[in-house]
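I opened this notebook to record what I looked up in the structure, entry by entry. The cysteines come before the other topics.

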Amino acid sequence: MRRLLLCLMLAATPALAEPTLEQHVTRLSEQLRCLVCQNQTIADSHAQLAIDLKNQVREQLAAGASDQEVLDYMVQRYGDFVLYRPPVKPSTWLLWFGPLAMLLAGLGLLFVKVRQRQPQGDALDSAGETHAA
Amino acid sequence: MRRFLFPLGLFFSLVCLLGAGLRLNPQEIPSPLIGKPAPAFALAQLALPDKTFGPQDMQGQVWLLNVWASWCTACRQEHPLLLELAGRNQVSIVGMDYMDARADGAKWLEKHGNPYRLSILDTDGKVGIDYGVYGVPETFVIDKRGVIRLKLAGPVTAEIIEKKLLPLIKELNRA
């Protein structure tokens, strides 16, 4: 049984070479924004430009380019906007860390408020409720 | 009353932020090519198939590269303005007929008028990709040294020509 499986796998290998390139193209295309239909990746889009860009990705990968080289090629032409995952740099710090900073600020505020309320003791439960309302 | 002021202020600043966001044009993507040399190419001319043209042919001149196509409806909107701009003889406009067939492009220019000093044919859109073209029309302003100074996506309007293009062209011509 195992030998049969091995035979099957070996027989399937040449056919697999193409699908893996295709999978690679799709995986990389999923990181690239379609500029015509901005909320789609070029993997999803059927716009002519998306198809052309996918062909570029395929050609370059087939020619031995690394993922980063392909992404750099796109960024050189279309800017960071083409990346679905924006790079971390000073102009995107707010985008990357803003939500975390806001969460921390909110938690800090909550902590301070709760600390302020504690000395009033248990008896003021109902007063606490009106505060919260 | 006072304790509502803070959340209310927060709410209004959020409204202002979102309101400002609504006014932005998501189609306007800043081009990374501004300040960089115009990518080189040698493409066959639309009218003279056996002659090529490249950005180096315009060295020493301020010029516009206008991307158009016979299938592009927005191009029809800006076309009269380009004809008028060409008539003022202040700047050369080179057309790039993008993903188009030679016969269709030529017929279109015959029908609508030709504001271009010459047009080149980018049949497969490869040069378009080098220029980061993602829609037609697009217009690039290229200076005497062959550096891209401005990119406009979408049709130019009379206002853009008066307030942006002409002042920039004047400034670049002085340099």
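**Cysteines**

I began with Cys75(B), which counts as buried because its relative accessibility is 1%. I note here, before going further, that the model is a predicted one.

I then looked for the partner of Cys75(B), and found that a disulfide joins this residue to Cys72(B), with the sulfur atoms 2.2 Å apart. Cys72(B) is likewise buried, since its relative accessible area is 3%, and the cut-off for that class is under 20%. For the handedness I took the torsion about the S-S bond of Cys72(B) and Cys75(B), which is about 100 degrees, so I entered the disulfide as right-handed. The count over all chains comes to 1 disulfide.

In chain A I looked up two further cysteines for their accessibility. Cys34(A) has 1% relative accessibility and therefore goes down as buried, whereas Cys37(A), at 23%, is entered as partly exposed.

**A hairpin in chain B**

My next entry concerns strands β6 and β7 of chain B, which span residues 138-142 and 148-153 and pair in the antiparallel sense over 5 bridges. Looking across this pairing from Phe140(B), I found Lys151(B) of β7(B) standing opposite. I also followed the chain from one strand to the other: the hairpin has 5 residues between β6(B) and β7(B), and Gly146(B) takes a positive phi there, near 85 degrees.

**The cavity**

How many cavities of 30 Å³ or more does the structure hold? I recorded 1 cavity of that volume or above, and for the largest cavity I wrote down a volume of about 40 Å³.

I went on to the lining of the largest cavity, to which both chains contribute: Arg77(A) and Tyr78(A) are there from chain A, and from chain B there are Ile29(B), Pro30(B), Ser31(B), Pro32(B), Gly132(B), Tyr134(B) and Lys151(B). By residue class, this lining divides into 5 nonpolar, 2 polar and 2 charged residues. Lys151(B) thus links two of my entries, as a residue lining the largest cavity and as the residue opposite Phe140(B) in the strand pairing.

**Domains of chain A**

My last entry is on the division of chain A, where domain 1 covers residues 21-82 and domain 2 covers residues 87-117. For the spacing between domain 1 and domain 2 of chain A I took their C-alpha centres, which lie 34 Å apart.

Note on methods. Residues numbered from 1 in each chain as written. Chains lettered and ligands numbered in written order. Predicted model: local features only at pLDDT ≥ 70, side-chain atom pairs only at ≥ 80, totals over all residues. Heavy atoms only, no water. Pairing = 2+ DSSP bridges. Helix = DSSP H or I, 4+ residues; strand = E, 2+ residues; numbered from the N terminus. 1 Å grid on protein atoms, 1.4 Å probe; cavity = no way out; pocket = protein on both sides within 12 Å on 5 of 7 lines; lining within 4 Å. Points joined across faces, edges and corners; volume = space filled by probe spheres on them. Nonpolar A, V, L, I, M, F, W, Y, C, P; charged D, E, K, R; others polar. Domains from an automatic or database assignment. Disulfide = S-S within 2.5 Å. Buried < 20%, exposed > 50% of the residue type's maximum accessible area, 1.4 Å probe, protein only.
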